[in-house]
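Good morning, everyone, and thank you for making the time. I would like to walk through one model with you this morning, going slowly enough that you can follow each point on the screen.

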Amino acid sequence: MMLDTQPNPAIAPPEHFVSVKGLCKSFGNAVLYDNFNLDLASNQLVSVFGPNGCGKSTLINMISGLTPFDSGEILIHDKPIRRARIGYVFQNYREAMLPWLSAFDNIAYPLRVKGVPEAECRDRVETLIQTFNIQLDLKRYPYSFSGGQQQLISIMRALVADPEVLFLDEPFSALDFETTLFVRDKLQEIFETTKIPMFMVVHNLEEAVFLADTVLLLSKRPTRLVEMVSFTAPRPRTLDTLSSPEFIETSRHCLDIFRQEMRK
Ligand SMILES: Nc1ncnc2c1ncn2[C@@H]1O[C@H](COP(=O)(O)OP(=O)(O)OP(=O)(O)O)[C@@H](O)[C@H]1O
């Protein structure tokens, strides 16, 4: 008997976790995106870098369904955004936390909004914090935690409803250097454990390269995709990665492209 080794197209996983076709978006007369296209291969950590004001946050917000667009199509794992399970980590954890709820209840919030039974909510939060070894007293309120701890709590909240994609808008920009290292390592651990594809806006070029499988380099407005740069250093990436020839070469290449774009 011959075994059929061909993948069944009916059950083959989607090739892309994000597909954007012919996307147009303006604010008043200012054209931000005009026929913008993007396909991101599944199971990757993708970071987005570009000049100030080119529309990075608007892009992540449109793809995650937070900001409407004028025309075009956006699919998450081949589905319209409204049918996808999405997690979102905001830049400013202080504004993103619900201050009247304990850290535990903040994490459980998306499940409770969905009407998940209380026992299951508690189980799922407990499992999550054990999986990622979050050693915090979650009965406390958000303001009593450090910035890095609050950002970690908001990452846990984004993960609790089992998202198929995690969006992060400058997750480190409100953190100091030491805390950034801690949250960055945790994010990498989450990516390696869950393999949830991640789409992350980052302000700092080295930060964009360090965790990424692919760096999207964007142009000035109207915003084009200038290049998708692949970074294949082994994981986990560590402080040694920063001094590896591959990291230095990739960062240098991204910087060259960025400079060329700024001169245009
Ligand atoms: N709701 C809005 N109404 C009008 N203009 C907006 C709105 N949101 C963003 N813009 C404008 O669109 C442009 C892109 O903004 P966006 O925040 O997406 O860029 P960015 O690349 O993330 O910026 P930065 O690098 O400064 O974080 C900016 O000029 C901004 O002022």
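**Helices, ligand shell and unusual backbone**

Let me begin just past helix H4, where Asn133 takes a positive phi of about 50°. Before I go further, please keep in mind that what you are looking at is a predicted model. Asn133 is found in the loop between H4 and H5, and its phi is a positive value in a residue other than glycine. As background, most residues other than glycine have a negative phi, and most peptide bonds are trans. Is Asn133 buried or exposed? With 8 other C-beta atoms within 10 Å, Asn133 is exposed, because the cut-off for that class is 12 or fewer.

Now to H4 itself, which runs over residues 118-131. At 1.5 Å a residue, its 14 residues should span 20 Å, and the end C-alpha atoms are indeed 20 Å apart, so the expectation and the model agree. Within H4, the residues Cys121, Val125 and Ile129 are buried. Seen down the axis of H4, these buried residues fall within an arc of 55°, and therefore they line one face of the helix. For those who like the reasoning spelled out, an α-helix has 3.6 residues a turn, so residues three or four places apart point the same way. The face turned away from that buried side carries the exposed residues Ala119, Glu120, Glu126, Thr127 and Gln130. As for partners, the buried residues of H4 pack against helix H3, residues 103-113, and against H5.

Helix H6, residues 177-194, can be read in a similar manner. Its 18 residues should span 26 Å at 1.5 Å a residue, and its end C-alpha atoms are 26 Å apart, which agrees. Which residues of H6 are buried? They are Val183, Leu187, Ile190 and Phe191. These four cover an arc of only 95° around the axis, which puts them on the same side of H6. On the other side of H6, Phe177, Glu178, Glu192 and Thr193 are exposed. What covers the buried residues of H6 includes strand S3 (45-49), helix H5 (147-159) and strand S8 (198-201). H6 is followed by Lys195, whose phi is positive, near 60°.

The third helix I want to show is H1, in which Lys56, Leu59, Ile60, Met62 and Ile63 are buried. They cover an arc of only 160° around the axis, which puts them on the same side of H1. Those buried residues pack against a set of strands, namely S1 (16-27), S3, S4 (71-76), S7 (165-169), S8 and S9 (214-218). Just after H1, Gly65 takes a positive phi of about 90°.

H1 also brings us to the ligand, which is surrounded by Phe27, Leu32, Asn52, Gly53, Cys54, Gly55, Lys56, Ser57 and Thr58. The largest share of that shell, three residues, comes from helix H1, residues 56-63. By character, the shell divides into three nonpolar residues, five polar and one charged.

Turning to the record, the UniProt annotation "domain: ABC transporter", which comes from an unreviewed entry, covers residues 18-245. In the model, the end C-alpha atoms of that span lie 30 Å apart, and the span is 33% helix and 26% strand.

I will finish with some loops whose backbone deserves a careful look. His77, in the loop between S4 and strand S5 (79-80), has a positive phi of about 45° although it is not a glycine. His77 is partly exposed, with 18 other C-beta atoms within 10 Å. Then there are cis peptide bonds, including the one that joins Arg221 and Pro222, where omega is about -15°. Pro222 is found in the loop between S9 and S10. The peptide bond from Arg235 to Pro236 is also cis, with omega near 0°, and Pro236 lies in the loop between S10 and H8. That loop, between strand S10 (225-230) and helix H8 (245-263), also holds Leu239, which counts as exposed because it has 9 C-beta neighbours inside 10 Å. Finally, the C-alpha atoms of Leu239 and Leu111, 128 residues apart along the chain, are separated by 36 Å.

Note on methods
Residues are numbered from 1 along each chain as its sequence is written. This is a predicted model: local features need pLDDT of at least 70, side-chain atom pairs count only at pLDDT 80 or more; totals for chains, interfaces and linings use all residues. Helices (H or I, at least four residues) and strands (E, at least two) are DSSP runs, numbered from the N terminus. The expected span of a helix is 1.5 Å times one less than its number of residues. A residue is buried if 20 or more other C-beta atoms lie within 10 Å of its own, exposed if 12 or fewer, and partly exposed in between; C-beta atoms are placed from the backbone. The arc is that of the directions from the helix axis to the C-beta atoms. Two residues are in contact if their C-beta atoms, placed from the backbone, lie within 7 Å. UniProt positions are given in the numbering used here, feature names are shortened, and annotations may be inferred rather than shown by experiment. A residue is near a molecule or strand if its C-beta atom, placed from the backbone, lies within 6 Å of it. Ala, Val, Leu, Ile, Met, Phe, Trp, Tyr, Cys and Pro count as nonpolar, Asp, Glu, Lys and Arg as charged, and the others, Gly among them, as polar.
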